[in-house]
Amino acid sequence: MGSRYIRFFVPLLPLFVTMLPAEQSLADDNENFAGYSTLESAQQADDDFDGEYALGYTKLSGNSNSSSLRTHADLTWYNGPWSWNLYAGINSASDENDTSAENYNLGGRTRYSLDEDNYLFGLARWRKDRFAGYNSQSTLAGGYGRQLLSGPPQSLSIEAGPGVRRDSYTDSDEKKYRALAYGGLNYRWQVSDTATFGQDLVIEATGLNLIMRSQTSMTVSINDALAMRLSYDVDFNDDPPEDAQHKTDTTTAVSVVYDL
């Protein structure tokens, strides 16, 4: 793969949040980072179904005219050793009526637990990012995962396996299929009964480039159904298409989360 694939980082955003009193514990928070975060096993889950809907929106007018929208839905089912997940997300922003960010994510995951700590996984993902140089990217991957910590207060799982990605470019009708090596990390720390820190990391390495996506988050419950989430996303491509504006995109967002 080359030495450049060794030079990756896990960006962590220092987050200091005042803990709000609430009855709900976030021990079972398993938010899905654009379909990349690992799934809980059915043995870890409290119910047969878990879901959430998150929405963040800002609008500025007057001396500055800008807006941003961030929303996603995340649904997970558990049955015996199996876990299934479906997700969809939209992120967009505009400045002075000119679109400055726009991406869409859609996909699903499955997990089959071999025992308490070991599992097999599969994922399918479709992503469209208007400013990344790709018309769309579609990924299929699968492999082996291990639950290193099962918490609370802390849970940590890692997974890796082979996959294939279909790249469609914005500057031409050309489509490329690329074999890839996939790696993922999912960490949760229940800081208190009302707050959970999360770190998700995904790496897709091909012979052409390395793509890394990271999300750092803090989720604080308000009541039994609502929570506030502060998140920091990093999207890095070490060799993007020529018409891509940057190698790295970052997004800081505050969202309201509704537990379905």
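This report describes the confidence, strand pairing, salt bridges and cavity of a predicted model.

Residues are numbered from 1 along each chain as its sequence is written. In this predicted model, local features need pLDDT of at least 70 and side-chain atom pairs count only at pLDDT 80 or more, while totals for chains, interfaces and linings use all residues; side-chain values use heavy atoms, without hydrogens or water.

**Confidence**

The average pLDDT of the chain is 82, and 82% of the residues score at least 70; pLDDT is the predictor's confidence in each residue, from 0 to 100. Over residues 1-36 pLDDT stays under 50, and the model has 116 contacts beyond four places in sequence for these residues, a contact being heavy atoms within 4.5 Å.

**Strand pairing**

Strands (E, at least two residues) are DSSP runs numbered from the N terminus, and two of them pair if DSSP finds at least two bridges between them. The table lists four pairs with one example of facing residues for some of them.

| Strands | Sense | Bridges | Facing residues |
|---|---|---|---|
| S4 and S5 | antiparallel | 11 bridges | glycine 108 and alanine 124 |
| S5 and S6 | antiparallel | 11 bridges | asparagine 118 and arginine 146 |
| S10 and S11 | antiparallel | 11 bridges | serine 217 and serine 231 |
| S11 and S12 | antiparallel | 11 bridges | valine 234 and threonine 250 |

Four residues link S4 (residues 98-113) to S5 in a hairpin. S5 and S6 also form a hairpin with four residues between them, and glycine 133 in that turn has a positive phi of about 90°. Another hairpin, again with four residues between its strands, is made by S10 and S11.

**Salt bridges**

A salt bridge is a side-chain nitrogen of Lys or Arg within 4 Å of a carboxyl oxygen of Asp or Glu, and the count comes to 12. One of them joins arginine 70 to aspartate 233, with the closest N and O atoms 2.5 Å apart. Arginine 70 belongs to strand S2 (residues 66-79) and aspartate 233 to strand S11, so the pair ties together parts that are 163 residues apart in sequence.

**Cavity**

A cavity is a set of points on a 1 Å grid over the protein atoms alone where a 1.4 Å probe fits but cannot get out, and lining residues have an atom within 4 Å of a point. The structure holds one cavity of 30 Å³ or more. The largest cavity has about 160 Å³ of space, the volume being that filled by probe spheres set on the points. Of its 18 lining residues, the closest to the centre are Asp129, Ala132, Tyr134, Asp235 and Asn237. Strands S5 (118-129), S6 (134-150), S10 (210-221), S11 (226-237) and S12 (248-259) each give two or more residues to this lining.

Terms used:
On a 1 Å grid over the protein atoms alone, a cavity is a set of points where a 1.4 Å probe fits but cannot get out, and a pocket is an open set with protein on both sides within 12 Å along at least five of seven lines; lining residues have an atom within 4 Å of a point.
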